[in-house]
Protein chains: 2
Amino acid sequence: MSFHERLTARAGAIQAFLDASLPQGDLPLEQGLRHALSGGKRLRGYLVIEAAARFGSAPEQSVVTAGAIEALHAYSLVHDDLPCMDDDDLRRGQPTVHVKWDEATAVLVGDALQTLAFELLSEPACHDSPKVRVALIGSLARAAGAEGMVLGQAQDIAAETAGRALTLDEIAELQGNKTGALISWSAEAGAILGEADPAPLRVYARALGLAFQIADDVLDVEGDTATAGKRLQKDADAGKATFVSLLGLDAAKSRAADLVDDACTALDPYGATAENLRDAARFVISRTS
Amino acid sequence: MSFHERLTARAGAIQAFLDASLPQGDLPLEQGLRHALSGGKRLRGYLVIEAAARFGSAPEQSVVTAGAIEALHAYSLVHDDLPCMDDDDLRRGQPTVHVKWDEATAVLVGDALQTLAFELLSEPACHDSPKVRVALIGSLARAAGAEGMVLGQAQDIAAETAGRALTLDEIAELQGNKTGALISWSAEAGAILGEADPAPLRVYARALGLAFQIADDVLDVEGDTATAGKRLQKDADAGKATFVSLLGLDAAKSRAADLVDDACTALDPYGATAENLRDAARFVISRTS
């Protein structure tokens with residue numbers, strides 16, 4: 001199976017799991033939840049399932065954790081797209097929740113998606129051991145909260161407000177919080193599910209997360225809106241410092257490629273059994289959406 | 001110790017615990033977190049601590065769970081006060097987060113407070129047993145999410161949009177989700193912490209939750225803004241059906257008093273050891289804020 005076939009298969013399993021987990025009513029909240037959880041590459045869910053498989057977890061079990069991280073990620077997108085945040089109309093090729101319904105619905109959909117993530121991780125279907133479930137919940141909360149993803153969002157807003165261009169180190173820190181923390185968690189969750197040492201996966205995932213963000217900056221400049229399914233050029237339009245604006249396009253691409261090499265090397269202790277994770281690292285710098 | 005002295009003492013302990021749990025930085029996010037978690041009666045936290053005490057849990061331990069429910073409650077207030085929701089300027093006698101900072105900060109503060117609630121419950125300080133912690137997390141997620149509190153919010157918005165006055169049963173259902181679910185959880189959490197049967201507490205807490213909401217409707221009509229620390233008369237101004245508009249003021253008060261009696265009676269199996277919880281039930285219909 002090629003990487004793309006495998007990614008598509010995992011995305012399908014995650015979608016089926018999430019569809020069965022969501023309320024089926026017709027309130028804007030309930031429709032909005034289903035809308036916000038449709039589509040997407042499911043890269044974070046893929047990382048969970050493939051990392052967990054490396055430690056012997058069956059996809060039928062790890063799909064619960066994959067669904068949880070995709071719900072958490074979807075919450076962050078719905079709130080990030082709000083008019084008071086990035087004010088985006090388009091996401092995954094569809095109108096954003098506040099455009100299709102209204103802002104109140106988007107606030108509630110994001111709120112409920114975050115709750116859903118923790119609810120899924122609390123259930124026995126996630127893992128037999130309460131100790132493992134509570135380890136997943138605690139580590140996800142630390143990655144997502146005021147010292148992780150939300151801190152990254154706040155740092156991003158503070159940089160814009162200050163009107164001062166960030167340095168490369170500052171951007172790396174900000175992005176490490178905003179995007180990197182959840183990507184790292186996704187890979188580490190596989191080790192937590194397998195009750196194994198997450199250290200090699202952490203090195204892999206940190207390099208992957210940074211490569212992902214550099215590739216996002218490259219995509220913002222070089223990409224095609226129809227293919228990406230979201231508004232592009234927004235950082236350049238806003239005059240924000242990015243990896244591309246600071247390094248230049250070629251050096252940014254080269255930096256991302258080096259990070260992907262680092263990510264793959266970090267998996268050396270796992271040998272050939274980690275090839276599906278190496279494929280994911282290579283994918284993040286080749287993607288067009 | 002009188003009930004009010006006890007409530008004040010518990011609120012002080014919860015505040016001290018939360019102050020120590022919050023990031024100390026100076027970003028609007030970090031200041032906003034501390035602002036949103038200041039003040040308030042801490043009724044939900046009181047219920048946790050007093051119910052847990054009934055089953056032998058020390059306040060030094062149950063304060064973690066009390067802090068978690070207060071963080072969850074504070075998240076719901078910050079988001080509910082947003083311009084796209086209830087658009088409130090005043091909360092606990094202070095400007096709301098989006099007024100003091102901005103809407104983006106209010107969205108992020110609410111998001112991070114929700115995460116904090118689950119993070120606190122995941123930590124060993126909450127309870128030695130991962131099984132207990134994961135039971136608290138799962139039940140809180142169900143009470144707070146798209147089939148609990150957030151559903152209640154969505155039902156409230158849907159009723160306004162439809163422009164149709166709700167029936168008494170519909171209001172009771174809506175309020176049971178919007179407010180009752182978290183109040184019920186607070187009392188039940190005490191039993192979960194004590195690894196005891198939560199059934200009597202559930203009956204108590206459901207009656208208490210409904211009495212609380214009827215008393216809120218009474219306060220909305222009869223209260224004083226300076227004492228309440230929040231905008232009043234807003235349901236009447238919006239022409240919303242409330243317990244008071246449907247039952248009349250006297251019958252609403254009498255209904256709330258009956259519910260408080262029901263709540264107290266539900267605690268009969270616990271005898272005199274549940275008097276602190278009965279005091280809380282009597283308090284909800286006598287409060288002025």
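Guide: Helices are DSSP runs of H or I with at least four residues, strands are DSSP runs of E with at least two, and both are numbered from the N terminus. By that rule, chain A has 15 helices and two strands. This is a predicted model, in which local features need pLDDT of at least 70 and side-chain atom pairs count only at pLDDT 80 or more, while totals for chains, interfaces and linings use all residues. Residues are numbered from 1 along each chain as its sequence is written, and chains are lettered from A and ligands numbered from 1 in the order in which they are written.

Visitor: Why does the radius of gyration of chain A agree with that of a compact globule?

Guide: The radius of gyration is taken over C-alpha atoms, and the globule rule is 2.2 Å times the number of residues to the power 0.38. For 289 residues the rule gives a radius near 19 Å, and chain A has 18 Å, so the two agree. Along the principal axes, the C-alpha atoms of chain A fill a box of roughly 50 × 50 × 35 Å.

Visitor: What percentage of the residues in chain A are buried?

Guide: A residue is buried if 20 or more other C-beta atoms lie within 10 Å of its own, exposed if 12 or fewer, and partly exposed in between, with C-beta atoms placed from the backbone. In chain A, 53% of the 289 residues are buried. Contacts tell a related story: two residues are in contact if their C-beta atoms, placed from the backbone, lie within 7 Å. Of the contacts in chain A between residues at least 6 apart in sequence, 70% join residues at least 24 apart.

Visitor: Which residues touch the most other members of the largest nonpolar core?

Guide: A nonpolar core is a set of buried Ala, Val, Leu, Ile, Met, Phe, Trp, Tyr and Cys residues joined through C-beta atoms within 7 Å. The largest one has 185 residues, and A:Leu113, A:Ala211, B:Leu113 and B:Ala211 touch the most other members. Beyond its neighbours within four places in sequence, A:Leu113 has contacts that include A:Leu33, A:Ala71 and A:Val78.

Visitor: How many residues of H7(A) are buried, and why does the span of helix H7 agree with expectation?

Guide: The expected span of a helix is 1.5 Å times one less than its number of residues. Helix H7 of chain A (residues 130–144) has 15 residues and should span 21 Å; its end C-alpha atoms are 21 Å apart, which agrees. H7(A) is mostly covered, with 13 of its 15 residues buried.

Visitor: How many residues does each chain give to the contact between chain A and chain B?

Guide: Chain A gives 41 residues and chain B gives 41 residues. On the side of chain A that touches chain B, two or more residues come from each of helix H2 (28–36), helix H6 (103–122), H7 and helix H8 (149–162). H6(A) gives the most, with twelve residues. For classes, Ala, Val, Leu, Ile, Met, Phe, Trp, Tyr, Cys and Pro count as nonpolar, Asp, Glu, Lys and Arg as charged, and the others, Gly among them, as polar. This side of chain A has 25 nonpolar, seven polar and nine charged residues.

Visitor: What turn lays chain A on chain B?

Guide: Two copies of a chain are related by a rotation about an axis and a shift along it. Copies are superposed by least squares on the C-alpha atoms of residues with pLDDT of at least 70 in both. Here a turn of 180° and a shift of 0.0 Å along the axis lay chain A on chain B with an RMSD of 0.0 Å. That is the relation of a two-fold axis. The same surface serves both copies, as 100% of the contact residues of chain A recur in chain B.

Visitor: What phi does B:Arg42 have, and is this residue buried or exposed?

Guide: Most residues other than glycine have a negative phi. B:Arg42, however, has a positive phi of about 65° although it is not a glycine. B:Arg42 lies in the loop between helix H2 (28–36) and helix H3 (43–54) of chain B, and counts as buried because it has 24 C-beta neighbours inside 10 Å. B:Asp87 is another residue other than glycine with a positive phi, near 55°. The loop of B:Asp87 runs between helix H4 (59–80) and strand E1 (90–91) of chain B, and with 13 C-beta neighbours inside 10 Å B:Asp87 counts as partly exposed.

Visitor: Where is A:Gly152, and which residues is A:Gly152 in contact with?

Guide: A:Gly152 is placed in helix H8 of chain A. With 21 C-beta neighbours inside 10 Å, A:Gly152 counts as buried. Leaving aside neighbours within four places in sequence, A:Gly152 is in contact with A:Leu174, A:Gln175, A:Asn177 and A:Lys178.
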